[in-house]
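Me: I have a model open and would like to go through the labels people put on its residues and strands. Could you show me the reasoning behind each one?

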Amino acid sequence: MAKLILKFGPAVVKEFPVPPTQTSVALGRKSDNDLVIDNPVVSGHHARIIKQGDTFFVEDLNSTNGTFIGGRKILKSGLTHGDEITIASHSVIFLDDGVKPAAPPPEAKPPAIDQTMVIDPAQRDALLKKQPTVTPAPAGKVTEKVGTFVVTSGTAERSEFELTGLVTYAGKSDNAHVKLKGLFVPEMGAAINKRQEGYVLVALKDGFPEVNGQKLTGQVVLQDGDEVKMAGVTFRFYVKEISR
């Protein structure tokens with residue numbers, strides 16, 4: 001049976017075994033996808049993996065930032081065991097020992113003059129890693145509202161964590177921004193996404209984060225003063241103003 005492994009850096013975020021009867025697996029940011037990649041630079045319906053006979057393909061669904069295999073942007077490509085699909089800062093590893101090599105897709109035609117220009121992988125990586133910045137007004141400093149986790153009980157690396165990135169991960173992985181300790185702490189247990197509606201806490205492992213005493217499954221928009229507990233550490237969420 002084929003399996004997809006979603007990773008952020010070296011850390012495994014989620015595994016998705018593909019049922020033998022399922023012929024299409026949707027990947028994207030929205031919750032109706034089979035494999036949800038909760039990252040603002042991932043399109044709502046970004047890509048899909050399809051099974052045709054005994055062969056698997058990955059197909060980009062006209063995403064904003066593209067789908068890549070081996071640093072090459074693809075529209076549709078056959079998959080073999082061990083292939084790594086890159087979507088924004090995440091990767092999806094395709095595993096299937098019994099998969100047959102896919103026939104190469106037809107060469108893509110040169111884009112028409114009114115089509116979106118395709119950038120090379122180096123430019124793409126630079127754009128995705130670049131964080132949005134606020135340009136100071138000529139008159140002086142600019143005030144920015146930033147979500148913050150303040151440790152109120154338990155032990156953590158710092159007493160305060162500013163949630164400045166588009167995505168902040170919590171777990172015991174070295175790639176986690178909020179590092180937690182404990183035998184049963186997942187590599188990536190939760191993600192805090194900075195969105196237009198505010199800061200959204202997502203349970204990557206159901207029940208791992210607790211919000212105001214309730215185990216979280218799914219996601220919730222954090223409110224000023226909310227209490228979040230993870231791995232024996234209690235945080236208080238605040239939105240504060242920072243002058244840049």
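Me: Happy to start small. Why is Ala-88 called buried?

Reply: Keep in mind that this is a predicted model. The relative accessible area of Ala-88 is 8%, and buried means under 20%, so Ala-88 is buried. Ala-88 sits in the loop between E10 and E11.

Me: And what makes Asn-62 exposed?

Reply: Here the relative accessible area is 74%. The label exposed applies over 50%, so Asn-62 is exposed. Asn-62 lies in the loop between E6 and strand E7 (67-69).

Me: What is the phi value of Asn-62, and what is the phi value of Ala-88?

Reply: Phi of Asn-62 is near 55°, a positive value in a residue other than glycine. For Ala-88, phi is also near 55°, and Ala-88 is likewise a residue other than glycine with a positive value.

Me: How do you know that E3 and strand E5 pair?

Reply: Pairing needs at least two bridges between the strands. E3 and strand E5 (residues 47-52) have four, in the antiparallel sense, so the condition for pairing is met. One place to look is Val-25, whose bridge partner in E5 is Ile-49.

Me: What about E3 and strand E4, how many bridges join them?

Reply: Two bridges join E3 to strand E4 (residues 35-36), and these strands run parallel. The requirement is at least two, so this counts as pairing as well. In E4, Val-36 stands opposite Gly-28.

Me: Why are strand E15 and strand E20 said to stand at the edges?

Reply: Picture the open sheet of five strands, in the order E15-E14-E16-E17-E20, with mixed pairing. Strand E15 (178-179) and strand E20 (219-221) each have a single partner strand, so one side of each is left without a neighbour in the sheet. Further in, E14 and strand E16 (residues 190-195) pair in the antiparallel sense over four bridges, and Val-167 has Asn-193 as its bridge partner in E16.

Me: Which residues touch the most other members in the largest nonpolar core?

Reply: They are Leu-4, Ile-49, Leu-79, Ile-85, Val-92 and Met-188, in a core of 33 residues. Strands that each supply at least two residues of this core include E1 (3-8), E11 (90-95) and E17 (198-203). The core draws at least three residues from each of domain 1 (2-96) and domain 2 (143-243).

Me: Which residues does Val-92 touch, leaving out those up to four places away in sequence?

Reply: Among them are Leu-4, Ile-5, Leu-27, Ile-37 and Ile-85.

Methods. Residues are numbered from 1 along each chain as its sequence is written. This is a predicted model: local features need pLDDT of at least 70, side-chain atom pairs count only at pLDDT 80 or more; totals for chains, interfaces and linings use all residues. Side-chain values use heavy atoms; hydrogens and water are left out. A nonpolar core is a set of buried Ala, Val, Leu, Ile, Met, Phe, Trp, Tyr and Cys residues joined through side-chain atoms within 4.5 Å. Buried means under 20% relative accessible area, exposed over 50%, partly exposed in between (1.4 Å probe, protein chains only). Domain bounds come from an automatic or database domain assignment. Contact means heavy atoms within 4.5 Å.
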